[in-house]
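User: Hi! I am new to protein structures and would like a close look at one part: the nonpolar core. Could you walk me through it, and then show me some charged pairs for contrast?

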Amino acid sequence: MAESPLVSIVMGSDSDLEIMNEAARALDDFGIPYEIDVTSAHRSPARTGEFARNAASRGIKAIIAGAGGAAHLAGVIAAETTLPVIGVPIPSVLNGLDSLLSIVQMPAGIPVATVAIGKAGATNAGILAAQIIGLSDAAVTAKLKQHKEKLAQGVEEKSRKLRQSRGK
């Protein structure tokens with residue numbers, strides 16, 4: 001039997017899947033089970049509200065919500081749950097700036113953690129969700145430490161190659 005999902009990845013449209021798959025890849029890297037679905041703050045508000053209200057009782061620990069344009073999905077979800085919600089701005093008409101501003105400008109009392117626009121943001125959303133899960137899972141914390149070490153090693157390697165190419 002597959003493990004129950006700990007993170008829910010949702011998006012406002014299936015056209016956002018290419019970007020939101022980056023969040024899924026990050027969760028895969030940390031061995032965190034997730035679910036992925038489409039729900040819309042505007043086109044299916046009742047479905048979105050029901051999803052948000054029931055997520056915690058289904059064992060979800062964090063929600064990653066990607067949307068473009070008006071990008072109300074993360075905020076609508078955050079209004080209906082006590083779970084941490086991570087908003088991923090999807091590039092749209094204004095190169096994602098409209099999405100970013102829609103997600104980041106939440107009113108006091110309805111927080112949404114907001115990451116960068118596009119694929120980098122989706123990757124970071126997956127890592128942030130892993131950090132949330134890692135608060136109560138030592139194995140995930142260990143994988144996060146390895147991830148940070150790998151990043152640092154990559155910088156050292158690039159620095160070494162740069163110095164060698166410049167003869168220093």
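Analyst: Here is a tour of the core, followed by the salt bridges.

A word on the source: this is a predicted model, in which local features need pLDDT of at least 70 and side-chain atom pairs count only at pLDDT 80 or more, while totals for chains, interfaces and linings use all residues. Residues are numbered from 1 along each chain as its sequence is written, and side-chain values use heavy atoms, with hydrogens and water left out.

Let's begin with a term. A nonpolar core is a set of buried Ala, Val, Leu, Ile, Met, Phe, Trp, Tyr and Cys residues joined through side-chain atoms within 4.5 Å. Buried means under 20% relative accessible area, exposed means over 50%, and partly exposed is in between (1.4 Å probe, protein chains only). In soluble globular proteins, nonpolar side chains tend to be buried together.

The largest core here has 25 residues, and Met20, Ile32, Ile64 and Val88 have the most contacts inside it. At least two residues of this core come from each of strands E1 (7-11), E3 (62-68) and E4 (85-90), and from each of helices H1 (17-29), H5 (119-134) and H6 (138-165). These elements are DSSP runs numbered from the N terminus: helices are H or I with at least four residues, strands E with at least two.

Now zoom in on Ile32. Beyond its neighbours within four places in sequence, Ile32 is in contact (heavy atoms within 4.5 Å) with Leu6, Val7, Leu27, Ala130, Ile133 and Val140. Apart from the largest core lies another, with 18 residues, including Phe51, Ala71, Ile77 and Ile103.

Next, the charged pairs. Side chains of opposite charge can pair when their charged atoms come close. The structure holds 7 salt bridges, each a side-chain nitrogen of Lys or Arg within 4 Å of a carboxyl oxygen of Asp or Glu.

Helix H1, which you met in the core, carries one of them: Glu22 and Arg25 lie there 3 residues apart, about one turn of the helix, and their side chains meet at 2.5 Å, N to O. Glu22 counts as buried because its relative accessibility is 18%, whereas Arg25, at 44%, counts as partly exposed.

Another salt bridge joins Asp37 and Arg47 (3.2 Å, N to O). Asp37 sits in strand E2 (residues 34-38) and Arg47 in helix H2 (residues 45-55), so the pair ties together parts that are 10 residues apart in sequence.

Finally, return to helix H6, where Glu157 and Lys161 lie 4 residues apart. Glu157, Arg160 and Lys161 are linked in a network of salt bridges.
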